[in-house]
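Here is a friendly briefing to read alongside the model. Please keep the viewer open as you go through the bullets.

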Amino acid sequence: MDYTKQIETWLEVHREEMIADICALCRVDSERGEAAEGKPFGEGPAAGLAKGMEICAKNGFAPENVDNYCVDALLNDRPLQLDILCHLDVVPAGDGWTATKPFEPLVTADRIIGRGTADDKGPAVAVLYAMRALRELGVPLSGGVRLILGSDEECGSGDIAYYFSRKKHAPMSVSPDADFPLIFLEKGRFEESFDASFAATQVLPRVVLAEGGVKSNVVPARAKAVVLGMTAASAAPFVKAAEDSTGTQMTVRQAEGGVEIDVQGVQVHAANPEGGNNALTALISLLASLPLADCDSTARVRSLARLFPHGDYYGRGLGVAREDEISGKLTLTMDVLRLTEEGLEGTIDCRTCCAANEENTADVANAKLRAEGLHPQVVPMTPAHYVPKDSPLVTSLLASVEKYTGRKEEPLAIGGGTYVHEIENGVACGCADPAVDNHMHGPDEFVLIDQLMMSAKIYADAIIRLCGEK
């Protein structure tokens, strides 16, 4: 029997009730705070889980709180077949809200505005209502379905690691915390820090400060340096040449004993570095071109220029450039650096393709760093994660998405990671439409109500395809 019409009608009848539950969840400030007794991620996430339990119970489920790490709710008592992972923690509210206050959700004709409406409280409630529709309509299922509501997705996913240290995974997992149609591949990650110490010197000209970047996963838009023993006039030709070759904007001004240099690039997430312009590597390129005196800082600046040439987003300088047909090219950026007269510290962010491993990537990169007088902090790589495109999980979800969007689309491969990165046979699917800017993580975050309603229908349809009676 085809339950499509009954499910669609049920969801439309319960539209306002679903909106009310989303608003109730979004009134809770569930950003991470200081850990406390029985509250591993602080008061906010614990309050979010408590509200999630209340809403699950109100909708007829019997939720379980797993030590204030996660809450789960079972759709039925069948052998577990599918986990659906959502999270109730949020990023900090931040400034700049204009439509409403962050935790006072506002419902308009077409959207709900408030922190967490799109990421990920709205999708969590959409899944809950899809499950409730299937239960109340008596749709026969041979496989069990479990909704898992987490509380630490935004700060490292320690919640999910704890949860699955105590409970078994389902054979299949999906997280509605990404874009439609579906993310089948997430690159791995190799985040490496390095340092070096300098001998004291008074030779001129020399670099006494070079710095840029604030986070290892963000290509920096700003960088600056101080060079002693040069004038603005003598530096100007080198600055002009570096501007032309890097496409960044550079300013040089006279300072006491030398010059100060500022570089303006374009900030982007390190998962997609090609879309930005790294101000830090542009600065290093400029400094390496200057007629500096022989000393430790000069040698290390030129080492950095060889290892991280401006515009090299694929690890060629470190000897790790590689790609494969499934995941495309490895990307690598130096995103944080601070160099002083005493030494330097830096951090690189590498998003690894499926062909990358410890031996051909991490070991090679670390050897290159050491050869240039830099000392790496050796850390394990996080391998890439993917589920084959022709797997039942991927094909079933894509069929459900196509049924309601009318679009036959290829699944996505991304450089970032999602809630299911460490979960075998797990993918991320919806609720976001990549064509809509939900202001996620920014002020006036919102979710389109029709998008959520469609998502609930997609998840109900997908549960039937994956867990229905054969």
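The points below go from the whole chain down to single residues.

This is a predicted model, in which local features need pLDDT of at least 70, side-chain atom pairs count only at pLDDT 80 or more, and totals for chains, interfaces and linings use all residues. Residues are numbered from 1 along each chain as its sequence is written, and side-chain values use heavy atoms, with hydrogens and water left out.

**Overall fold and dimensions**

- The protein chain has 11 helices and 26 strands; these are DSSP runs numbered from the N terminus, with helices being H or I of at least four residues and strands E of at least two.
- Its radius of gyration is 26 Å, close to the 23 Å that the globule rule gives for 470 residues, so the chain is as compact as a globular protein of that length. The radius is taken over C-alpha atoms, and the rule is 2.2 Å times the number of residues to the power 0.38.
- Along the principal axes, the C-alpha trace of the protein chain spans about 80 × 45 × 45 Å.
- Contacts (heavy atoms within 4.5 Å) often link distant parts of the sequence: of those in the protein chain with a separation of 6 or more, 77% are between residues 24 or more positions apart.

**Surface and charge**

- Of the 470 residues in the protein chain, 57% count as buried. Buried means under 20% relative accessible area, exposed over 50%, and partly exposed in between, with a 1.4 Å probe and protein chains only.
- About 19,400 Å² of the protein chain is exposed, and carbon and sulfur atoms supply 51% of that area. Accessible areas come from the Shrake-Rupley method with a 1.4 Å probe, and for residues only the protein chains shown count as cover.
- The protein chain carries 43 positive and 69 negative charges, and their mean positions are 2 Å apart. Lys and Arg count as positive and Asp and Glu as negative, while His and the chain ends are not counted; each charge is placed at NZ of Lys, CZ of Arg, CG of Asp or CD of Glu.

**Cysteines**

- A search of the whole structure finds zero disulfides, a disulfide being a pair of cysteine sulfur atoms within 2.5 Å.
- Cys-155 is in no disulfide, and the nearest cysteine sulfur, that of Cys-70, is 14 Å away. Cys-155 counts as partly exposed, at 45% relative accessibility.
- The closest cysteine sulfur to that of Cys-467 belongs to Cys-429, and at 14 Å this is too far for a bond. Cys-467 counts as buried, with 1% relative accessibility.

**Two residues of strand S19**

- Val-336 sits in strand S19, which covers residues 331-339. Not counting residues up to four places away in sequence, Val-336 touches nine-residue company that includes Gly-212, Val-214, Leu-280 and Thr-347.
- The C-alpha atoms of Val-336 and Tyr-459 are separated by 41 Å, and the two residues are 123 apart along the chain.
- Thr-331 also lies in strand S19, and it is buried at a relative accessible area of 2%.
- Leaving aside neighbours within four places in sequence, Thr-331 is in contact with a set of residues including Lys-187, Glu-274, Tyr-313, Tyr-314 and Arg-351.

**Pro-411 in its loop**

- Pro-411 lies in the loop between helix H10 (392-405) and strand S23 (412-414), and it counts as buried at 11% relative accessibility.
- Beyond residues up to four places away in sequence, Pro-411 touches Leu-182, Phe-184, Lys-389 and Leu-398.
- Measuring C-alpha to C-alpha in the model, Pro-411 and Pro-380 are 28 Å apart in space and 31 residues apart in sequence.

**Backbone geometry to check**

- The peptide bond from Leu-204 to Pro-205 is cis, with omega near -10°. Pro-205 is found in the loop between strand S10 (188-197) and strand S11 (206-212).
- Gly-430 and Cys-431 are joined by a cis peptide bond with omega about 0°, and Cys-431 lies in strand S25 (residues 431-432).
- Asn-68 is not a glycine, yet it has a positive phi of about 60°. Asn-68 is in the loop between strand S1 (64-66) and strand S2 (70-74) and counts as buried at 16% relative accessibility.
- Asp-444, not a glycine either, has a positive phi of about 60°. Asp-444 is in the loop between S25 and strand S26 (446-448) and counts as buried at 13% relative accessibility.
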